[in-house]
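Work through the exercises below with the structure open beside you, and try each task before you read its solution.

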Amino acid sequence: MVIVMKPGANAKDVDYVVRRARSLGLKTHLSAQNGHTLIGLTGDLKGLNPNVLTGLRGVECVRPMSRPFQLASKEFRPEPTTVTVRDVVIGGSEVVMMAGPCSVETPESMMKTAQGVKEAGARLFRGGAFKPRSSPYSFQGLAEEGLRILADIRAETGMPIVTEVLSSEHVPLVAKYADVLQIGTRNMQNYMLLHAAGETKMPVLLKRGMMSTIEEFLLSAEYILSHGNPNVLLCERGIRTFETYTRNSLDINSVPLLKELSHLPVIVDPSHATGKRSLVNAVSKAAIAAGADGLIIEVHHDPERAWSDAFQTISVKQFAELTEQVGVIAGAVGRGAASHHETAGVR
Ligand code: PEP
Ligand code: MN
């Protein structure tokens, strides 16, 4: 439910309404639209009589929300949200490229890839130190050693770090090193983890569950938001379909649909969506054309030899070509692009 305040309502009016709503056991969340303060209400709304609030000074109306997700909804926050990671703004006019290998490997290998992707226009560096592998016999990641390598990459290149956290117990450790906490597809509905990530107030890249609906996806985002963390990036990474020639199927519909339903930035991961190096370029461009705010791409200086997800990992050279082309597509859909000339060496 949202309380819409009159344009003339002052801070005292808003404060009084907030206190009144809280006295009813509800949580309040402030936002604004065209000069109106909006007060989002969450909690147990069953049995709430809106008339208790409509009569208060400064209140224009009380609107029910049409979807089960509330804070993630455009009805609560009509303007797009931007998430700032150090000096990088995500969800603004510029399309943001995040790149790096699937897993953190040796420091030398990481540095080589990091310098390459930075030169090519990447703004954030990705790499997993804790890997959620389908087989318990596959490489599971370098754990804290991997996080330390990522921190060194940041110190050397200035690129903020995106890295996955697998469990709520690991949140404090990963948060110590990361700039963006990645929650993977397998954990999208791990509610304890969502809660813990919400408590950090850090930027969270939430990947869509491979078998989740858009509503389930936005309700998972809602868990993070409702724990007081507004810094959520939604990441479409493909869903499971009957197709076997690709690893997943990119749900391209989700990009404009998420934009229609939510104010949160939308990132697309063409690497996991396709599982095929040869498809990453075309699918990346489609995602930007559809309105994505950024891409997260698996890149390696020697992709064939990547320790995980080698099939879908592109080379630094292919990434450089891709950023150039993404720049053109971004321009065609009215976005600026983090093109390589604008960013190389600047940050
Ligand atoms: C990854 O980013 O390497 C990863 C494991 O992603 P997902 O959770 O989308 O499979
Ligand atoms: Mn991967």
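## Exercise 1: Salt bridges within a helix and across the chain

Glu321 and Lys317 are both part of helix α11, where they sit four residues apart, about one turn of the helix. Keep in mind throughout that this is a predicted model.

Task: Find out what links the side chains of Glu321 and Lys317, and state how exposed each residue is.

Solution. Begin with the general geometry: an α-helix has 3.6 residues a turn, so residues three or four places apart point the same way. Next, look at the side chains themselves, where Glu321 forms a salt bridge with Lys317 and the closest N and O atoms are 3.4 Å apart. Finally, turn to accessibility: Glu321 is partly exposed, with a relative accessible area of 36%, while Lys317 is exposed, with a value of 62%.

Task: Describe the salt bridge between Asp293 and Arg335, and explain what the pair ties together.

Solution. The closest N and O atoms of Asp293 and Arg335 are 2.7 Å apart, which is within the 4 Å needed for a salt bridge. Asp293 lies in the loop between α10 (277-289) and β14, and Arg335 lies in the loop between α11 and β15 (336-337), so the pair ties together parts that are 42 residues apart in sequence. Both partners are buried, since Asp293 has a relative accessible area of 1% and Arg335 has one of 18%. For another case, take Arg305 and Asp302, whose side chains meet in a salt bridge at 3.0 Å, N to O; here Arg305 is exposed at 63% and Asp302 is partly exposed at 25%. The whole structure holds 18 salt bridges.

## Exercise 2: The manganese ion

Task: Identify the protein donors of the manganese ion (ligand 2), and work out what His272 and Asp309 tie together.

Solution. The first step is to list the donors, which are Cys102 (SG), His272 (NE2), Glu298 (OE) and Asp309 (OD), at 2.0 to 2.4 Å from the manganese ion (ligand 2). The second step is to read their spacing along the sequence, which is C-x169-H-x25-E-x10-D. The third step is to place two of them: His272 lies in helix α9 (residues 270-274) and Asp309 in the loop between β14 (294-298) and α11 (316-332), so this pair ties together parts that are 37 residues apart in sequence. The last step concerns accessibility, and here His272 is buried with a relative accessible area of 8%, while Asp309 is buried with one of 19%.

## Exercise 3: Two helices and what covers them

Task: Decide how the buried residues of helix α1 are arranged around its axis, and name elements that cover them.

Solution. Helix α1 (residues 11-23) has 13 residues and reaches 18 Å from its first C-alpha to its last, close to the 18 Å expected at 1.5 Å a residue. Its buried residues are Asp13, Val14, Val17, Val18 and Ala21. Seen down the axis of α1, these fall within an arc of 135°, so they line one face of the helix. On the other side of α1, Ala11, Lys12, Arg22 and Ser23 are exposed. The cover over the buried residues of α1 includes β1 (2-5), β2 (27-33), β3 (36-42) and β4 (59-63).

Task: Determine which elements the buried residues of α7 pack against.

Solution. In α7 (residues 214-226), the buried residues include Ile214, Phe217, Leu218 and Ala221. The buried residues of α7 pack against α6 (191-200), β11 (204-207), β12 (232-236) and α8 (254-261). Just after α7, Gly228 takes a positive phi of about 90°.

## Exercise 4: A buried charge

Task: Find which side chain of opposite charge is nearest to Glu164, and how far away it is.

Solution. Start by locating Glu164, which is found in strand β9 (residues 161-164). Glu164 is buried, and the nearest side chain of opposite charge is Lys131, 4.9 Å away. A salt bridge requires the nitrogen and oxygen to be within 4 Å, and Glu164 has no salt bridge. Leaving aside residues up to four places away in sequence, Glu164 touches Phe130, Pro132, Val174, Gln182 and Gly184.

How values were computed. Residues numbered from 1 in each chain as written. Chains lettered and ligands numbered in written order. Predicted model: local features only at pLDDT ≥ 70, side-chain atom pairs only at ≥ 80, totals over all residues. Heavy atoms only, no water. Helix = DSSP H or I, 4+ residues; strand = E, 2+ residues; numbered from the N terminus. Expected span 1.5 Å × (residues − 1). Buried < 20%, exposed > 50% of the residue type's maximum accessible area, 1.4 Å probe, protein only. Contact = heavy atoms within 4.5 Å. Donors = N, O, S within 2.8 Å, 3.2 Å for Na, K, Ca; no water. Lys, Arg positive; Asp, Glu negative; His and termini not counted. Arc of directions from axis to C-beta.
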